[in-house]
Every structure is written in structure tokens, then in C-alpha cells.
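Here's a quick walk through one structural model, written for someone who would rather look than scroll through coordinates. Have the viewer open as you read.

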Amino acid sequence: METKGNKVVVDNVTNLSDELFAVKYYDTLAAEAIRTLRTNITLRDFDKKIKVINIMSVTEAQGKSTIITNLAASFSQLNKKVLLIDCDLHMPTMHHKLNLKNKYGLVDVVSNFKLFDDCVIHYMSNFDVLTAGTTIPFISEFIQSSALHNFILDKREKYDYIFIDCPPIVPISDAFIISKYTDGAILVVAAGESDKRVLQQAKERLDDLDVNVLGIVLNRVEMSKHHYGYNYNKRKK
Amino acid sequence: MIDIHNHVLYGIDDGCIDYQVSLELIKQAEAEGINKIILTPHYLKGSMYNLESDELKVRFDHFKKHLRSDGVNIEVYCGNELFIHYQLDELLTDHKVMTLADSNYILVEFAFFDYPNENDEILYNLTLAGYKIIIAHPERYKYVKKDPNFCLRWLDKGYLLQVNQQSILSSVNNLAMRMIKNGFVSFVASDAHNYQRPLSLKRALSLVENVIGEKEAEKLFITNPQKVIDDELIINDSYTPIKKGIFERLL
């Protein structure tokens with residue numbers, strides 16, 4: 001299913017993975033919420049150009065991989081050249097969301113085992129994806145390596161936007177380190193599922209590390225039937 | 001009835017050792033009303049169960065001819081019981097191992113004691129490559145015995161489960177039967193190896209009929225196996241998690 005050269009994996013919307021609702025189901029509230037998020041991010045560009053963005057959550061299963069994948073796709077729809085990277089090496093899920101094979105990816109490129117052009121997947125026009133790649137046991141060292149940092153710096157010049165999926169903050173601190181390589185971070189919190197204290201601690205840690213938190217996405221908010229007739233939405237706080 | 005899992009093709013794995021044993025098991029099967037079987041010798045890369053398709057086909061054709069000349073009317077098909085391995089999709093693409101009866105269904109088994117997370121990724125890749133997964137005898141795995149809802153990780157992905165007939169006969173409230181009651185199971189097969197583990201389904205069918213009724217039981221023994229042979233899609237979306245019994249909750 002992957003292709004080399006200029007051919008894309010998906011050239012027809014109907015063949016898109018259902019997970020990419022921001023593109024496939026354009027008229028839904030959820031897609032609209034993603035576009036709102038997109039607009040809010042582009043409006044934050046005053047001091048420094050925001051090109052590289054990572055997403056984090058406090059615990060797993062908060063929806064961050066879904067959000068970052070859709071956000072990246074929606075930016076590519078603005079004819080911006082986008083690269084989406086799965087940096088959740090502990091439990092990579094991006095390739096599942098897009099029905100892709102995860103044979104080689106980020107790990108293989110950064111460790112010079114494979115060339116970037118051999119691993120990157122041209123999922124749609126303007127939308128490239130780099131899956132996590134080979135499983136390695138020394139993930140922390142990899143995340144902290146200058147090789148990874150340099151890789152991101154290098155790709156910064158080649159793309160308009162780079163989106164990076166990270167593992168949850170608890171119990172792994174990879175996301176904090178990756179935030180140092182990016183221009184801004186998005187924190188995803190699933191409504192009603194997170195512990196207030198844990199969130200507080202996470203915020204303090206982010207402040208300490210001087211991470212540029214672009215905003216917080218409140219996910220899985222139940223909208224009352226009275227208002228919209230839908231019961232699934234995302235809102236940017 | 002149709003049997004989709006057995007080791008009756010002799011001289012390949014830990015199943016029948018020679019033609020005589022095979023013939024007798026198949027004749028018994030025919031007598032009790034089994035009219036189609038898929039022969040599924042083990043394949044485990046790196047082990048002594050490594051007979052590849054080209055040789056397997058030769059032995060299968062020879063076996064089929066021999067059966068016909070001995071008056072056996074059962075329709076026979078060929079396949080493999082594939083032990084999970086990260087190279088399975090390559091082995092299938094290179095036609096070194098077989099799907100079930102030339103369909104897109106593959107019969108996959110796992111280690112009994114341990115379930116590494118890589119298995120899920122391997123199954124995912126096989127699904128991406130277009131194969132439909134049938135998991136062999138999940139009721140025999142330690143991690144399923146410990147928690148039958150372990151199977152939900154497979155069912156939620158659309159993989160189908162096959163239980164062994166002997167597992168159903170084993171005791172009154174056995175695990176296999178509980179799985180059947182909760183809609184986990186799509187196939188019952190013999191996993192026949194020898195006289196002690198024969199090619200038999202009749203008793204199991206009768207027990208299953210008592211529990212879920214004739215119409216539903218027929219699916220597990222006839223309709224679904226036929227769909228495998230015809231390479232038709234089988235969807236199982238009517239399963240429910242198994243509730244723990246009182247004693248299990250106390251543990």
C-alpha cells in the first residue's frame with residue numbers, strides 16, 4: 001500500500017481512513033473543531049513562526065493521536081506541506097489510524113539505518129507521514145539524542161509544518177524532551193477522565209521547562225442533545 | 001459438517017504418522033457425517049514443522065488420489081496451521097505457506113503460555129495485506145484461561161475464533177462452551193491428530209445445539225466453514241464480554 005516517488009497512498013477521499021474525519025467527513029462538528037484548532041494555532045504566530053508542533057496528554061487514550069493526525073491533515077488541505085511524525089515509540093498507533101504498515105520509520109531514519117525518502121509515506125498530497133519504525137529498547141536515549149534533534153531541525157527547512165505525536169506524560173517523560181525541540185505544544189485532556197492533581201503537576205512541569213503550550217484541547221465533551229443534536233465534540237480552551 | 005482444522009495429512013507434523021491412521025480417521029469422520037475437511041499441517045518457521053507449499057501440494061494431491069481409490073468421498077482441501085511469526089506475510093506472499101482452501105482466510109496459532117505484544121502488530125499487518133484471521137483453539141492458551149475476555153482484543157479487530165471439539169467435551173461448564181454462549185466463537189473444529197484426538201464433531205455439535213440451538217450451532221459446524229471454502233466474508237459483531245463467575249471474582 002505504500003508508494004515511492006511522487007505517488008500518494010490515497011488519492012480519493014473515499015479511500016481515506018475513517019479516522020481522518022477532518023478530511024473525510026468534512027461537514028461534521030468534529031471536523032469543524034479541528035479547523036478551529038488549526039485557525040487558533042496559525043493566529044499564535046506573532047513572535048516566532050510556529051512550524052513544529054507536538055501533542056501530549058497526561059495519560060493514555062485521551063485522543064491525542066487522533067487529534068494530531070486530523071490537525072496535520074487539515075493543515076495539508078491549506079496547501080501547506082506537512083509532515084506527521086509518530087514519536088510515541090512505546091506504543092505507536094499512528095500507522096493503525098491510517099491503515100499503514102510500520103516497517104521502517106523515524107527510528108530507522110534517525111539512526112541512519114534507512115534513508116528518509118525510503119521511509120516517508122506520501123499519504124495524501126502535501127501530507128507526508130513518518131511512522132515510528134523499528135522497536136528499540138533504549139527509547140529514552142533515542143529521544144534525548146542530538147541525532148533526533150538534528151533530524152527535526154533538518155526537516156524544519158523542508159516542510160511548512162511538522163506535527164509530532166508523543167507518548168503520554170505519565171509515566172514517560174519523552175513528551176517533555178520532545179517539547180524542547182518544537183515551537184509549541186498542545187495538551188489534550190479528555191473531559192471528565194483526568195485527575196485534577198495530576199493535571200496541575202503536569203502544568204507545573206511544563207512551566208518549569210519553559211514549554212510553549214499553545215493551548216489545551218478539551219476532548220470528548222458530551223454536547224447536550226438540546227444544543228446540537230450531537231454527542232461528540234472537541235473544543236479548544 | 002465441515003472440519004477446518006486437523007493434522008490428518010500424514011508424515012508432516014505431530015499428526016497422523018502414516019496413511020493407515022489417516023484413512024481410518026477419515027473413514028470415521030465420513031461415517032459420522034463430516035463431508036468436507038481442510039487439512040492443516042503445522043507450520044512453524046525455524047522448527048521441524050517447516051514443510052513448504054510446493055512439497056505440501058505434492059503430498060496433498062497424492063493423498064487425495066489415494067483416498068479416492070480407497071472409496072473415500074469426503075471433499076478434501078489444503079491449508080496450514082500457521083504459528084505466529086513476524087515473517088508470515090512474506091511467507092504467504094512468496095507462497096511458501098498456505099491459506100485455508102485457497103481463500104484469504106489463514107489459521108493462526110500462538111504460544112500457549114505467553115502472548116507478546118508483537119503478535120497484535122503481526123496480525124494487524126496480515127489484515128492490511130488482505131488476509132482474514134482465524135485464531136486456533138484460544139481456549140487452550142494460558143492467558144485466555146486466566147481471563148477469557150483476553151479474546152476481546154481479537155474480536156474487536158474482527159478476527160474469528162475456532163475452538164476444538166475436545167474442549168467442549170471436557171467438562172460441564174467448560175471455557176469453550178462459555179465462549180460459545182457469549183458469541184465469541186465462529187468455528188468448532190476437530191484439531192484431529194491421532195486415535196486419541198480423532199476427526200470427530202458429532203458429539204460436540206449435539207452439545208452445542210443443546211446450548212445455543214440448532215440454527216446457531218449449524219453456523220459453527222457448517223455455514224461458517226463453508227464460507228471459508230467459498231472465501232466469503234464472515235462478520236462476528238454479536239459477542240458480549242464474559243462475566244466472571246462468583247468464585248472467580250473472589251480469587
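## Helices, sheet and cores

H9(B) passes H10(B) in a right-handed crossing. On the H9(B) side the contact is made by B:Leu205, B:Val208, B:Glu209 and B:Ile212, and on the H10(B) side by B:Glu214, B:Glu216, B:Ala217, B:Leu220 and B:Phe221. Keep in mind that this is a predicted model.

How far apart are the axes of H9(B) and H10(B)? Helix H9 (residues 202-212) of chain B packs with its axis 7 Å from that of H10(B), at an angle of about 140°. Angles over 145 degrees would count as roughly antiparallel and 65 to 115 as roughly perpendicular, so H9(B) and H10(B) are oblique to each other.

H10(B) also lies across strand E6 (105-109) and E9 of chain B, and runs at about 100° to E9(B). Those strands belong to an open sheet in chain B, where 6 strands line up as E3-E5-E6-E7-E8-E9 with parallel pairing. Strand E3 (42-43) and strand E9 (185-189) of chain B sit at the edges with a single partner strand each, so one side of each has no neighbour in the sheet. At the E3 edge, E3(B) pairs with strand E5 (residues 81-83) of chain B in the parallel sense over 2 bridges. Look for B:Tyr43 there: its bridge partner in E5(B) is B:Leu82.

B:Leu82 turns up again in the contacts of B:Ile106. Leaving out residues up to four places away in sequence, B:Ile106 touches B:Leu82, B:Thr99, B:Leu100, B:Leu126, B:Tyr131, B:Ile133 and B:Ile134. B:Ile106 is also, along with B:Val185 and B:Val188, among the residues with the most contacts inside the largest nonpolar core, which has 68 residues. Apart from that one lies another core of 63 residues, including A:Phe21, A:Met56, A:Val82 and A:Ala185. In soluble globular proteins, nonpolar side chains tend to be buried together.

Now for two backbone oddities. Most residues other than glycine have a negative phi. Which residues here go the other way?

| Residue | Phi | Loop |
|---|---|---|
| A:Asn99 | about 55° | between helix H4 (94-97) and helix H5 (106-110) of chain A |
| B:Asp231 | near 55° | between helix H10 (214-229) and helix H11 (246-250) of chain B |

A:Asn99 counts as partly exposed because it has 18 C-beta neighbours inside 10 Å. B:Asp231 is partly exposed too, with 14 other C-beta atoms within 10 Å.

Notes:
Residues numbered from 1 in each chain as written. Chains lettered and ligands numbered in written order. Predicted model: local features only at pLDDT ≥ 70, side-chain atom pairs only at ≥ 80, totals over all residues. Core = buried A, V, L, I, M, F, W, Y, C linked by C-beta atoms within 7 Å. Buried ≥ 20, exposed ≤ 12 C-beta atoms within 10 Å, placed from the backbone. Contact = placed C-beta atoms within 7 Å. Helix = DSSP H or I, 4+ residues; strand = E, 2+ residues; numbered from the N terminus. Pairing = 2+ DSSP bridges. Axes fitted to C-alpha atoms, helices over the stretch in contact; angles between N-to-C directions. Parallel < 35°, antiparallel > 145°, perpendicular 65-115°, else oblique. Left-handed = near helix turned anticlockwise from the far one by under 90°.
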